[in-house]
Amino acid sequence: MSHNAELSTRMLDEKIESMDRGDLRSYQENRLLESLAYVERHSPLFAQVWGSAGLRAADISSLTEFEARIPFVDKDTVRAYRTTYGDPLGGLRRMADASALSSTTGTTGDPVVLPVGHGDGVGLARDWWEIGVRPGDAVAFMLFTFRGPAWLTPHALGASCVLFDHHPSEFDRWCRASLELEPTLLYLLSGPLIMAMAHMEQTGVLPYALAEVFSSYKGVVIGGDHLGIQARHDLERWGGEPFLHTAVGDVGSATECREHDGLHASEDTVFIEILDPEGSSPVPDGEVGELVATNLVPQSGNPLVRYRSEDLVRVSTAPCRCGRTGMRLWPVGRKGDEVVIHGHSILPMDIWRAVESVPESAAGYFQLIRTGREMDVLKVRVGHNATLGGRSPTSVREDLIGAIEASVGIAPEIDLVENEVLLRLGPPHKIPRVASS
Ligand SMILES: [Zn+2]
């Protein structure tokens, strides 16, 4: 184990995790200047982007200058480099500098390959320590296999990992391994997987009672979408405590602490800007803005600088009850997901609860139909379980219209489909929340 935290302490790196925010900014500034020099040498993409803006890494001598002068990039910048130069890594780094090839999930388009460097990321290790993972523990890993060197985090904590695919076909093996090895953490579950687990429980095909299976777990990390009411209810019924988790601009991640009051980011490794989604001015704490991320340790992670994630978040920099001083995030949606109907802005998150409130669509599978940002009619495709309760599609549709109108003030048009139709649109842990037709 690379850290010296006492087993009983709550923070793995107390000095960093509870650092005064003024000191944190100086710390970030020092790391940033080193990072820029590294990225310029090792990333053909950034050398080109900065070169065409007439900039050298050495021209930047402070965070303020960085914020004023360094150009933004996004997934399309990486895709364009990949197409122009035929480089599968999009110029982010050279293959010889990569230790693993991860990728974005491809929910909103062609996945982008993210070449991970050598070294160990600390962010997840701190999150897991807070949940209660200690040296000698087993951690159950149920993640998509393409997501990079997953075992580094358990190793950083002196824990072992047992690997499963993010798929219901693994539940049988996972149940048995959970009872035998008594893992303390499950990383990670998602809404669709919890729904599949509940379905298999109902139909009696799981080999053990889920309350027994979950009894060794101190926490279950939740990835993908917002956790719906039904999925949370099922998980808590089995005794699993959910910890929400999100990516921080494909550079790092953020996870809830045991206070469950926002997702903690590791700001010593990622510099986070919350900006006007249509521009470049900073947005104050508490207001919705786009998360823009810069890796402060590009040697080990994805070398991204001022990367516009298109993720809309609210943040707070006030200290958390757990004592951490790092930024806390509350994800609210994706930049391209907003629709404006007669001047009312609506994000998928705004109608989630309404969809879940109708029993046949309690799984929360739906898509906004978005033909442009501004539209005259709110159109929603909703997945439902037709075998439940035996009500007619007409009355399910009427309930949905009523619930959505009560929640956003606009009566929608509803296209009712089977849940499976939407689940087929995966990646397995989430579905696209917006469709063009
Ligand atoms: Zn906290």
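**Exercise 1. Find where Ile70 sits and decide whether this residue is buried or exposed.**

*Step 1.* Ile70 lies in the loop between α4 (63-69) and α5 (75-85). Helices here are DSSP runs of H or I with at least four residues, strands are runs of E with at least two, and both are numbered from the N terminus. Residue numbers start from 1 along each chain as its sequence is written. Please keep in mind that this is a predicted model: local features need pLDDT of at least 70, side-chain atom pairs count only at pLDDT 80 or more, and totals for chains, interfaces and linings use all residues.

*Step 2.* Now apply the burial rule: a residue is buried if 20 or more other C-beta atoms lie within 10 Å of its own, exposed if 12 or fewer, and partly exposed in between, with C-beta atoms placed from the backbone. Ile70 has 21 C-beta neighbours inside 10 Å, so Ile70 counts as buried.

*Step 3.* Look at the partners. Leaving aside residues up to four places away in sequence, Ile70 touches Ile60, Val305 and Arg306; contact means that C-beta atoms, placed from the backbone, lie within 7 Å. Val49 is 21 residues from Ile70 along the chain, and their C-alpha atoms are separated by 9.4 Å.

**Exercise 2. Work out on which side of helix α2 the buried residues lie.**

*Step 1.* Helix α2 (residues 21-42) has 22 residues and reaches 30 Å from its first C-alpha to its last. That is close to the 32 Å expected at 1.5 Å a residue, where the expected span is 1.5 Å times one less than the number of residues.

*Step 2.* List the buried residues of α2: Gln28, Leu32, Ser35, Leu36 and Val39. They cover an arc of only 110 degrees around the axis, which puts them on the same side of α2. The arc is that of the directions from the helix axis to the C-beta atoms. As a general reminder, an α-helix has 3.6 residues a turn, so residues three or four places apart point the same way.

*Step 3.* Turn to the other side of α2, where Asp23, Ser26, Asn30 and Arg41 are exposed. The cover over the buried residues of α2 includes α3 (44-52), α4, β10 and β11 (289-295).

**Exercise 3. Trace the sheet of eleven strands and place β3 in it.**

*Step 1.* The eleven strands form an open sheet with mixed pairing, in the order β4-β3-β5-β6-β7-β8-β9-β13-β12-β11-β10. Two strands pair if DSSP finds at least two bridges between them. At the edges are β4 (160-164) and β10 (270-275), each pairing on one side only.

*Step 2.* Go to the neighbours of β3. Five bridges join β3 to β4, and these strands run parallel; Val139 stands opposite Cys161 in β4. With strand β5 (residues 185-189), β3 pairs in the parallel sense over three bridges, and Phe141 stands opposite Tyr187 in β5.

*Step 3.* Check burial. Five of the five residues of strand β3 (residues 138-142) are buried, so β3 is largely enclosed by the rest of the structure. Ala138, Ala140 and Met142 point one way from β3, while Val139 and Phe141 point the other way.

*Step 4.* Notice a detail in the backbone: the peptide bond from Tyr187 to Leu188 is cis, with omega near 0 degrees. Leu188 lies in strand β5.

**Exercise 4. Describe the sheet of four strands and the burial of helix α12.**

*Step 1.* The four strands form an open sheet in the order β19-β18-β16-β20, with mixed pairing. Its edge strands are β19 (413-418) and β20 (434-435). Strand β16 (residues 366-369) pairs with β20 in the parallel sense over two bridges, and Leu368 stands opposite Val434 in β20.

*Step 2.* In helix α12 (residues 348-356), Pro348, Ile351, Ala354 and Val355 are buried. Seen down the axis of α12, its buried residues fall within an arc of 120 degrees, so they line one face of the helix. Among the elements covering them are β16, β18, α13 and β20.

**Exercise 5. Compare the settings of Glu310 and His342.**

*Step 1.* Glu310 lies in strand β12 (residues 307-316), and its phi is near 65 degrees, a positive value in a residue other than glycine. Glu310 is partly exposed, with 18 other C-beta atoms within 10 Å.

*Step 2.* His342 is in the loop between β14 (339-341) and β15. His342 has a positive phi of about 45 degrees although it is not a glycine. With 11 other C-beta atoms within 10 Å, His342 is exposed.

Methods. Contact = placed C-beta atoms within 7 Å.
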